[in-house]
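Please look over the sequence and the model that follow, and keep both in view while you read. The paragraphs after them go through a few places one at a time, so that each can be found before the next is taken up.

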Amino acid sequence: MAEKKVTNQASIDAANRSNASATQRQSALQAEAAKQQAILKPTAQKAIPGISALTSGINTKIAELSGTAKTGSYNPITGGYTPVQSSSQLVQKSRDILGAITPTEIATANKAAADYQLALSEANKITFTDVPGAVYDTTGTSTGRNSAYDLLLAQFRLYGLEALITPLQNLITDDTSEGELTIMLRETPAYQKRFAANKTRITGGLRALNEAEYLGMEDKYQTIMRNYGLPASYYTKGDLGRQEGFEKLIGFDVSATELEDRIMTAQSRVINAAPEVTTALKQFYPDITNGEILAYTLDPTKGLSDIKRKITAAEIGGAAIGAGLGTAVNRAEELARYGVTAETARAGYDTIGGGLERGRQLASIYQQPDYNQAVAEEEIFKLPGQTQAGEKRKKIIGLEKATFGGQTGVSSGALSQNRAGSY
């Protein structure tokens, strides 16, 4: 049986070439956006504490003017609080931080931000051409039994994957259509190995990616990993350009944005964090070893929210360790659920560590319920039981004052405060 002639081959080839070019252009623009974001990042990280200090200064000023301040040393006579840092001190702190950023850094960051937005905008404007289906001449004669094979070969050659097609040349018959040949191709062991993540996607209820989409995801992953300085072993290419390290990511539908979030979380909050955080992480979650922190965060079977929850707990545990205290994983996770962050944990545990031992001593001397770390945490971190914890503290302070004629050995220590970071 003679094979029908494809009459619109030129249109099909043109559409494929256009899409290949568009894919390359989009990947290049996304890589440029990631590059500019990496340039911007150091200056942004320098500026964030200054902006935070300025915001705190404004809030403190409002509280000072309105008399609603709830942090600082409590004055039982006036019922007011003296802030640890006044609004003017916080504003000055902001000026010191932001003033340390050089004009060159600011100019570089501004240019990078503009270039980032431009590259991202241009990438989003790129559109792809619908590839027309083959139109056959039903009246003409065959132009050769290999026309379907040649068509598919031309498509895969655009991606450097023609080696997947060549083994099929001797398997086709005169009436093999391009669609039939594509099905045959996708059933070959070589194809299934090269695009192995599609099997995982289908099993998980996701659609299989076509070849262009699959290769596009690989390009995005590789660009991000390179920009963040990950070892080349994470994106090494094997036969036919296969990158085994990406197969789980594609199989579990991890977007480029989520991948970047995972890498940033691992690097900024664990790998580059204080050693106490790593210590707490290993104590709390023994399955995460020091050498596998990055690999753990990149594993798509580990939910990103679960990873962040564990890291927050480790940051809280690290803050306790840094203050000469300790805490259990369940308590750290509980504090995280109540909104305690790395920053508030550091301030809170510094406060608790400064007066906990004295509080225990006073509770023992005056035969009061034990004033322990859990009680101090309830008040400092505003947990359920905060009011009762505060009353315990005030009672033992009052007993000591009564004993020593209004003087107390903890009046300037952590035991006399009401919230984390305030004396």
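A cavity is a set of grid points where a 1.4 Å probe fits but cannot get out, whereas a pocket is an open set. With that distinction in mind, note that this is a predicted model, and that a search of the whole structure finds 2 cavities of 30 Å³ or more. The second largest cavity has a volume of about 50 Å³, and its lining is made up of Val 270, Leu 281, Ile 288, Ile 293, Tyr 296, Thr 297, Ile 307, Lys 310 and Ile 311. The elements that give two or more residues to this lining are α12 (293-298) and α13 (304-322). When the lining residues of the second largest cavity are divided by class, 7 are nonpolar, 1 is polar and 1 is charged.

We can now turn from a cavity to a pocket. The second largest pocket has a volume of about 590 Å³, and of the 26 residues that line it, Tyr 159, Asn 210, Glu 211, Ala 212 and Glu 213 are the closest to its centre. Two or more lining residues come from each of the helices α1 (9-66), α4 (147-157), α5 (178-186) and α8 (211-227). The lining of this pocket has 8 nonpolar, 11 polar and 7 charged residues.

A single helix deserves a slower look. Helix α2 (residues 87-99) has 13 residues, which at 1.5 Å a residue should span 18 Å, and its end C-alpha atoms are indeed 18 Å apart, so the two values agree. Which residues of α2 are buried? They are Ser 87, Leu 90 and Ser 94, and because these buried residues fall within an arc of 65 degrees when seen down the axis of α2, they line one face of the helix. The general rule behind such a pattern is that an α-helix has 3.6 residues a turn, so residues three or four places apart point the same way. On the other side of α2, Ser 88, Arg 95 and Gly 99 are exposed.

Finally, consider the backbone at two places in loops. Leu 240, which lies in the loop between α8 and α9 (247-251), has a positive phi of about 55 degrees although it is not a glycine. Asp 253, found in the loop between α9 and α10 (256-271), is likewise a residue other than glycine with a positive phi, here near 60 degrees. Because partly exposed means between 20% and 50% relative accessible area, Leu 240 counts as partly exposed at 34% relative accessibility, and Asp 253 counts as partly exposed at 45%.

Conventions:
Residues numbered from 1 in each chain as written. Predicted model: local features only at pLDDT ≥ 70, side-chain atom pairs only at ≥ 80, totals over all residues. Heavy atoms only, no water. 1 Å grid on protein atoms, 1.4 Å probe; cavity = no way out; pocket = protein on both sides within 12 Å on 5 of 7 lines; lining within 4 Å. Points joined across faces, edges and corners; volume = space filled by probe spheres on them. Helix = DSSP H or I, 4+ residues; strand = E, 2+ residues; numbered from the N terminus. Nonpolar A, V, L, I, M, F, W, Y, C, P; charged D, E, K, R; others polar. Buried < 20%, exposed > 50% of the residue type's maximum accessible area, 1.4 Å probe, protein only. Expected span 1.5 Å × (residues − 1). Arc of directions from axis to C-beta.
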